[in-house]
Structures are given as structure tokens and as C-alpha cells.
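User: Please take a close look at the largest cavity in this model, and then walk me outward through the sheets and the helices that pack in the fold.

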Amino acid sequence: MNLYLDANATEPLRPAARQAVLEALDCLGNPSSVHAEGRAARQLLERARGTIATRFGGRARDLVFTAGATEANALALHGLGQGRRLLAGATEHPAILRAAPGIETLPVLADGTIDLAALERALAQGGPALLCLMAAHNETGVLHPLAEAAALCRAHGALLHVDAVQMAGRLPLDLAALGADSLALSAHKLGGPKGAGALLLRPGLDLPALLPGGGQERGRRGGTEALPAIAGFAAAVAALDPESEAPRLAALRDRIEAALGLETAGAGAPRLPNTTCLVLPGVAAETQVIALDLAGAQVSAGAACSSGKVAASAALLAMGLGEKAGHAIRVSLPWNAPDDAAERFIALHRAMQQRLARRG
Ligand code: PLP
């Protein structure tokens with residue numbers, strides 16, 4: 001039986017999300033139309049907005065729907081970053097690092113967390129800034145010290161945008177409690193459908209549109225909202241249960257790490273419960289990914305979003321892994337990982353190591 005261990009690329013659809021998508025496909029109206037069909041669509045849209053915003057510690061009116069987190073990140077950088085220096089951790093996702101020219105990157109420590117002393121120096125260098133930091137890393141699962149980063153930003157008059165794509169649904173997440181100014185979210189990373197995301201703003205924060213279009217989303221993002229994807233997004237959010245899923249997945253992850261005994265990138269830092277980044281020295285990550293895929297287990301190497309291309313991970317290089325950055329695979333357990341996922345993966349990995357050793 002297939003063993004899907006690439007949840008950080010995309011999570012399996014939750015049944016409630018699937019149901020909500022199917023039902024919303026039959027919702028005829030455009031949410032901007034004033035007639036009865038439009039009002040019904042608007043009602044569905046606003047219910048979804050409320051569900052998602054309140055779940056992540058914000059207000060419905062401060063949530064802007066987008067086509068995904070790539071767009072939500074770009075919207076934050078271009079909208080909130082206007083007239084500000086743009087700062088980002090060196091291990092941020094390309095959806096941040098490639099969203100705007102002139103982003104200054106800040107070093108991370110060997111465990112993958114942001115170097116707070118370097119951040120403080122950068123913030124003190126003058127000029128209002130926008131700092132972009134991910135809540136949890138897509139390759140290593142490493143959690144940045146966001147409370148400390150938020151305090152430094154406040155002290156220096158900087159805004160903090162958090163790419164919360166990998167944290168949402170896996171650990172408790174609350175915009176207000178974090179002290180951040182905005183959060184980027186993606187439906188398909190938490191068990192919703194692909195093609196919907198959101199930017200959740202701190203109350204009172206103004207956001208100029210990247211795509212003004214017809215003035216949808218309170219003038220902050222033009223374009224007819226993708227109602228089926230958004231309905232599925234909200235249903236997935238309502239079904240999230242990190243309190244029970246996280247300990248189960250962490251136990252499976254810990255079992256894999258203990259049994260294989262490999263170097264694990266970011267192991268010294270707090271991490272997501274479902275993610276491990278395992279180094280097999282001397283074996284290209286691509287070789288491992290292909291071998292495991294042939295054996296029936298899907299994992300990934302490098303940045304998952306670099307669609308098909310497997311290069312040494314820039315994030316692992318920034319953490320100082322050197323050559324080993326090209327020998328690391330990411331194993332990310334989905335919310336519905338079977339209870340025997342760890343034992344099955346361990347067996348497949350050991351068999352792969354033996355085959356590769358025989359091959360010399
Ligand atoms: N940010 C992070 C940390 C991600 O892992 C990803 C996807 O891999 C994205 C942003 C982009 O999300 P989306 O696929 O919704 O555009």
C-alpha cells in the first residue's frame with residue numbers, strides 16, 4: 001500500500017472539505033451580485049471568512065482571500081512593505097524571497113532559527129522595515145522564535161509578516177497572541193483544496209491592493225472569489241484538531257528518527273510535530289526520493305515547490321550543512337498518517353540503504 005509522507009508539499013483533502021467544495025460548486029451566484037443568488041453566495045463566503053479568521057486569532061473583516069499563500073505573501077510584501085526596507089530570514093520560502101526585488105536576507109543559526117542578534121542589528125540600521133519570517137519551516141519544521149522577533153520589531157517600529165502556511169493546523173496559531181501584523185495561510189497545506197489562501201491582518205492595518213480589479217475583498221484584492229475552494233478551506237479549518245493530531249504525529253516522527261539514527265537538520269530547535277529532515281551522507285537526495293518512491297513511499301528533497309527540480313536545498317545550505325544539504329530528504333507526515341507509518345517507513349529506508357550499499 002502506498003505511503004504518502006509529503007504533507008508539507010500538500011496535505012490530503014479532509015472529508016469535510018471535500019463535501020464543502022462539492023456543495024459550493026452548486027452555489028450559482030457571484031458573491032458581488034446584489035440579487036438573491038449573489039446574496040446566497042456572499043453568505044457562504046462570509047461564513048467561511050469568519051470561520052478562518054476567528055480560528056487564527058483575527059477578525060473576519062481583516063481577512064483577505066487569495067489564490068494561495070504565494071499570493072498572500074506577495075500581497076503582504078507589496079502592500080505592507082510600501083516605503084519600508086524588506087527583511088527576511090535566509091531560509092524563507094521562495095514565495096517570500098522572490099516576491100519583490102531588494103529583499104535583505106538575515107542569517108539563521110545552525111539549528112535553522114533566525115539569528116536574533118543579527119535581526120536586532122538590521123532593525124537598528126534605520127528606516128522603517130517589514131520583516132518576513134515563516135512560523136515553521138517547510139523543509140525542516142523548525143520554528144522561529146516569533147515572540148522575540150515580534151518584540152524586536154515593535155521596539156524598532158517594524159512590521160512583522162508571518163508565513164504561517166506550515167504551522168496552521170499543526171500547532172496552535174493565533175495572530176493576536178503572536179503579536180504579528182499579518183499571517184499568510186494556504187488551504188491545501190491544512191487539508192483543504194488547492195487554489196485558496198488568505199492574508200489575515202492585524203485590526204486597523206491598511207493594505208493597498210496588488211490587483212485592484214473590481215474592488216472585491218474590501219478593495220484589497222480584486223477578482224471574483226473562488227467560492228468552492230474557499231468553502232473547502234473553511235471546512236478544513238473547522239476540522240483541524242492539532243491538540244490530538246500533533247502528539248500522534250510527533251510520536252511517529254520521533255520513532256523514525258530514533259530507529260534510523262541519522263543526522264536530522266534542525267533537530268536542536270523546536271520543530272513541527274510532523275516533519276523530519278534526514279541526512280544520508282554520500283547519497284544524493286534525488287536518488288533517495290526516487291528509490292523510496294519506487295518502493296511505495298513519497299517524500300521530498302529540496303524545496304517542494306521547485307516543481308520537479310531537485311537541487312541542494314538553499315535553506316539547508318543557509319544552515320551550514322554544506323555538502324550534506326544535497327543528501328537530505330524531508331519526511332512530512334500527513335494528518336491521516338496510518339499508525340504503522342513509522343514502522344513501514346523505517347523498513348523501506350533500511351532496505352534502501354542496504355540496496356545502495358550493495359550497489360557500492
Ligand atoms: N510558504 C510556505 C512556507 C510553503 O511551504 C509554501 C508551499 O510550499 C508556500 C508558501 C506557497 O503556498 P501556495 O502553494 O498556497 O502558494
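Analyst:
**The largest cavity and its surroundings**

The largest cavity has a volume of about 90 Å³. The model is a predicted one. In total, 2 cavities reach 30 Å³ or more. The largest is lined by 15 residues. Closest to its centre are Glu11, Gly169, Arg170, Glu245 and Leu249. What is the make-up of the lining by class? It divides into 8 nonpolar, 2 polar and 5 charged residues.

Now the sheets. One is an open sheet of 7 strands with mixed pairing. Its order is E2-E8-E7-E6-E5-E3-E4. Strand E2 (63–66) and strand E4 (104–106) are the edges, and each pairs on one side only. From one strand to the next, the twist averages 20°.

Within this sheet, take E5 and E6. Strand E5 covers residues 129–134 and strand E6 covers residues 159–163. They pair in the parallel sense, over 5 bridges. Met134 stands opposite Asp163 of E6. Helix H3 (residues 69–80) packs on the sheet. H3 touches E2, strand E3 (85–89), E5, E6, strand E7 (182–186) and strand E8 (197–201). The direction of H3 makes about 160° with that of E7.

A second group of strands also forms an open sheet. It has 4 strands, in the order E9-E10-E13-E12, and the pairing is antiparallel. Strand E9 (263–264) and strand E12 (300–301) each have a single partner strand, so one side of each is left without a neighbour in the sheet. Strand E10 (residues 275–279) pairs with strand E13 (residues 328–332) in the antiparallel sense, over 5 bridges. Here Thr276 has Val331 in E13 as its bridge partner. Helix H10 (residues 285–294) lies across E12 and E13, and runs at about 40° to E13.

Last, a helix pair. Two packed helices are described by the angle between their axes and the distance between the axes. For helix H2 (residues 36–55) and helix H8 (residues 227–239), the angle is about 35° and the axes are 9 Å apart. The crossing of H2 past H8 is left-handed. From H2, the contact takes in Ala41, Leu44, Leu45, Ala48, Thr51, Ile52 and Arg55. From H8, it takes in Leu227, Ile230, Phe233, Ala234, Val237 and Ala238. By class, that contact holds 11 nonpolar, 1 polar and 1 charged residues.

Notes. Residues numbered from 1 in each chain as written. Predicted model: local features only at pLDDT ≥ 70, side-chain atom pairs only at ≥ 80, totals over all residues. Heavy atoms only, no water. Axes fitted to C-alpha atoms, helices over the stretch in contact; angles between N-to-C directions. Helix = DSSP H or I, 4+ residues; strand = E, 2+ residues; numbered from the N terminus. Left-handed = near helix turned anticlockwise from the far one by under 90°. Contact = heavy atoms within 4.5 Å. Nonpolar A, V, L, I, M, F, W, Y, C, P; charged D, E, K, R; others polar. 1 Å grid on protein atoms, 1.4 Å probe; cavity = no way out; pocket = protein on both sides within 12 Å on 5 of 7 lines; lining within 4 Å. Points joined across faces, edges and corners; volume = space filled by probe spheres on them. Pairing = 2+ DSSP bridges.
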